[in-house]
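Student: I have a structure to go through, and I would like each label traced back to its criterion. Can we take the terms one by one?

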Amino acid sequence: MSQRQMIIGWIALCCAVGVAQAAEQGLTQNHAEVYECTLKAGHGIEEVIRFGREVYTPWAREEGLVGQTFLWTPVSVAAPYDTADFRWIDYAANWRGYVEGMKAWQRPSAEPLKKQLASLADCRLPVQIRSMAIDSSDNYTSDGLLLLGKCSFKPQVRLSDDQIASHLRVRGWDDLVEEDIFEALWYTTLGIEGESWDFLQITAGSDEAIAQILDEGMVGATPAAQRPFQCEGDLHRWVNLR
């Protein structure tokens, strides 16, 4: 993977905020791009976070780019997805944002950023995601814990996005979590094959909120044994870069 390929992908989907509405279910639909990355020898995750917040974000602001970028670090992740040191997640409204980001990253102002970023980590080619927000929190702006469920339908079962969301939704469920959290469905669309799941479940919030969910109710409005699908979970720490 060339330096140009790695860096163009990292910026491309940050240039727009995902606000399109899914036509049938009314859930908020976004496009996400996920990179699995390995730190280079002698470098740490704090350097990547500092680059994202202190170098990349000001540059993006000067270029007039609008978007969100998150970084995930593994806490408890099952094989074969346990080899990455971190995952870099970019959100955008659609593929047009990808093209606009590529053009921005080809400008001379981006050259110093390319060199700095490439010195910190090596990343695989990205996986493209269709993201459907179940509950989007205004408080989803600081750091915390994130549960990633790899979910498969039980035999003879297929559900719409809205039907899946009704089983997973946590906010408002018996006042289990008092603060807002972020919940979403993810569908892998490009860049991955052989996955064993039908969809991914994202539940993110503060350390305290996720701990309460795990202690008192796990994840979802419907008890796991009664759901028409089953999920295997991983735990990450998420960092909001911008």
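Student: What is the handedness of the link of C151 and C231, and what is the angle about the S-S bond?

Tutor: The link of C151 and C231 is right-handed, with 110° about the S-S bond. The pair links distant parts of the chain, with C151 in strand β7 and C231 in strand β10 (residues 229–240), 80 residues apart. Bear in mind that this is a predicted model.

Student: What makes C151 and C231 a disulfide?

Tutor: The cut-off is sulfur atoms within 2.5 Å. The sulfur atoms of C151 and C231 are 2.0 Å apart, so the pair meets that definition. A disulfide is a covalent bond between the sulfur atoms of two cysteines.

Student: How many disulfides does this rule give?

Tutor: The count comes to two disulfides. The other one joins C37 and C123, with sulfur atoms 2.1 Å apart. C37 lies in strand β2 and C123 in strand β5, 86 residues apart, so this pair too satisfies the 2.5 Å limit while linking distant parts of the chain. The link of C37 and C123 is right-handed, with 110° about the S-S bond. With the bonded cysteines numbered in sequence order, the pairing is 1-2, 3-4.

Student: Why is C151 called buried and C231 partly exposed?

Tutor: Buried means under 20% relative accessible area, and partly exposed lies between that and 50%. C151 has 0% relative accessibility, so C151 counts as buried. C231 has 31%, so C231 counts as partly exposed. In the other disulfide, C37 and C123 are both buried.

Student: What bridge partner does C37 have in β5?

Tutor: The bridge partner of C37 in β5 is C123. These two cysteines also form a disulfide.

Student: How do you know that β2 pairs with β5 and with β4?

Tutor: Pairing requires at least two bridges between the strands. Three bridges join β2 to strand β5 (residues 121–123), so β2 and β5 pair under that rule. Seven bridges join strand β2 (residues 28–39) to strand β4 (residues 86–92), so β2 and β4 qualify as well. Both pairings are antiparallel. In the pairing with β4, A32 stands opposite Y91.

Student: Which strands pair with β7, and over how many bridges?

Tutor: β7 pairs with β10 over ten bridges and with β9 over seven, in the antiparallel sense in each case. S152 has Q230 in β10 as its bridge partner, and L147 has T203 in β9.

Student: Why is β7 described as largely enclosed by the rest of the structure?

Tutor: Nine of the ten residues of β7 are buried, so the strand is largely enclosed by the rest of the structure. The buried residues of α6 pack against β7 (144–153) and also against β9 (199–205).

Student: What makes the buried residues of α6 line one face of the helix?

Tutor: The buried residues of helix α6 (residues 207–216) are A209, I210 and I213. Seen down the axis of α6, they fall within an arc of 95°, so they line one face of the helix. E208, D215 and E216 are exposed on the other side of α6. An α-helix has 3.6 residues a turn, so residues three or four places apart point the same way.

Student: How many aromatic pairs does the structure hold, and why is the pair of W72 and W186 called stacked?

Tutor: The structure holds nine aromatic pairs. The ring centres of W72 and W186 are 5.4 Å apart and their planes are at 10°, so the pair is stacked. The limits are 6.5 Å between centres for a pair and planes under 30 degrees apart for stacking. W72 lies in strand β3 (residues 68–76) and W186 in strand β8 (residues 182–190), so the pair ties together parts that are 114 residues apart in sequence. Both W72 and W186 are buried. They belong to one aromatic cluster with F70, Y91 and W238.

Student: Why does H236 count as buried?

Tutor: H236 has 1% relative accessibility, so H236 counts as buried. H236 is in strand β10, and among the residues it touches are W72, R87 and L146.

How values were computed:
Residues numbered from 1 in each chain as written. Predicted model: local features only at pLDDT ≥ 70, side-chain atom pairs only at ≥ 80, totals over all residues. Heavy atoms only, no water. Buried < 20%, exposed > 50% of the residue type's maximum accessible area, 1.4 Å probe, protein only. Helix = DSSP H or I, 4+ residues; strand = E, 2+ residues; numbered from the N terminus. Arc of directions from axis to C-beta. Contact = heavy atoms within 4.5 Å. Phe/Tyr/Trp six-rings, centres within 6.5 Å; stacked < 30°, edge-to-face > 60°.
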